[in-house]
Amino acid sequence: MVEILAAAYYICSYTNKIPAITKAFKTKKTSDYSIFWAILNLIGAIAWTLYVLLTKQALIVKLGCIIDFALISIWMILVLRYSKKQYV
């Protein structure tokens with residue numbers, strides 16, 4: 001049961017990030033995203049991923065964290081890349 005809940009959470013979490021990543025790739029524009037929100041999101045993902053990897057967790061949770069961290073990292077790179085004129 002716990003694995004099903006974890007899988008449901010990660011599926012929702014992934015689908016939340018994929019449209020933003022797709023839009024950034026297509027438009028080459030991320031000015032409508034806050035850099036501070038992106039940084040906080042990345043810090044949270046790093047902390048959560050480290051916690052999950054360093055504690056006894058189910059494999060689905062560990063895999064989910066790694067994929068979630070990868071998606072957030074890609075999105076963060078796109079935000080920095082396409083918004084650098086605005087923040088530099």
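Okay, one term before we start: a residue counts as buried when its relative accessible area is under 20%. Keep that cut-off in your head, because we'll use it for the residues in a moment. And a reminder that what you see above is a predicted model.

Let's get the overall picture. The chain has four helices and zero strands, so if you read from the N terminus you just go α-α-α-α. The C-alpha trace spans about 45 × 20 × 15 Å along its principal axes. There are 88 residues in the chain, and buried ones make up 33% of them. Now take the contacts between residues at least 6 apart in sequence: 78% of those join residues at least 24 apart.

Right, on to how the helices sit together. Start with α2, which is residues 35–54, and α3. Helix α3 covers residues 59–82. The axes of α2 and α3 are 9 Å apart, and the two helices pack at an angle of about 155°. Angles over 145 degrees count as roughly antiparallel, and that's why α2 and α3 get that description. Their crossing is left-handed.

Who makes that contact? On the α2 side you'll find, among others, Trp-37, Leu-42, Trp-48 and Val-52. On the α3 side, the list includes Val-61, Phe-69, Trp-75 and Met-76. If you sort the residues of this contact by type, you get 19 nonpolar, three polar and one charged.

Next pair: α1 and α3. Their axes come within 10 Å and cross at roughly 15°, which makes α1 roughly parallel to α3. This crossing is left-handed too. The contact of α1 with α3 has 18 nonpolar residues, two polar and three charged.

Now for my favourite bit. How many salt bridges does a search of the whole structure find? The search finds one. The side chains of Asp-68 and Lys-17 meet there, at 3.1 Å from N to O. Asp-68 lies in α3 and Lys-17 in α1, which is residues 2–27, so the pair ties together parts that are 51 residues apart in sequence.

So are those two residues buried or exposed? Asp-68 has a relative accessibility of 9%, so Asp-68 counts as buried. Lys-17 has a relative accessible area of 11%, so Lys-17 is buried as well. Here's where that opening cut-off pays off: both values are under 20%.

Let's look at a couple of other residues. Ile-67 is found in α3, and its relative accessible area is 41%, so Ile-67 is partly exposed. Partly exposed is the range between the buried cut-off and the exposed one, which is over 50%. If you go from the C-alpha of Ile-67 to the C-alpha of Ser-31, you cover 25 Å, and the two residues are 36 apart along the chain.

Last one: Glu-3, over in α1. With a relative accessible area of 43%, Glu-3 is partly exposed. What does Glu-3 touch, if we don't count residues up to four places away in sequence? Ala-58 and Ile-60. Compare that with Ala-38, which is 35 residues along the chain from Glu-3: their C-alpha atoms are separated by 28 Å.

To wrap up, if you take one thing to the viewer, find the Asp-68 and Lys-17 pair and see how it links α3 with α1. That's me done, thanks!

Terms used. Residues are numbered from 1 along each chain as its sequence is written. This is a predicted model: local features need pLDDT of at least 70, side-chain atom pairs count only at pLDDT 80 or more; totals for chains, interfaces and linings use all residues. Side-chain values use heavy atoms; hydrogens and water are left out. Buried means under 20% relative accessible area, exposed over 50%, partly exposed in between (1.4 Å probe, protein chains only). Axes are lines fitted to C-alpha atoms, for helices over the stretch in contact, and angles run from 0 to 180 degrees between N-to-C directions. Angles under 35 degrees count as roughly parallel, over 145 as roughly antiparallel, 65 to 115 as roughly perpendicular and the rest as oblique. A crossing is left-handed if the near helix is turned anticlockwise from the far one by less than a right angle, and right-handed if clockwise. Contact means heavy atoms within 4.5 Å. Ala, Val, Leu, Ile, Met, Phe, Trp, Tyr, Cys and Pro count as nonpolar, Asp, Glu, Lys and Arg as charged, and the others, Gly among them, as polar. A salt bridge is a side-chain nitrogen of Lys or Arg within 4 Å of a carboxyl oxygen of Asp or Glu.
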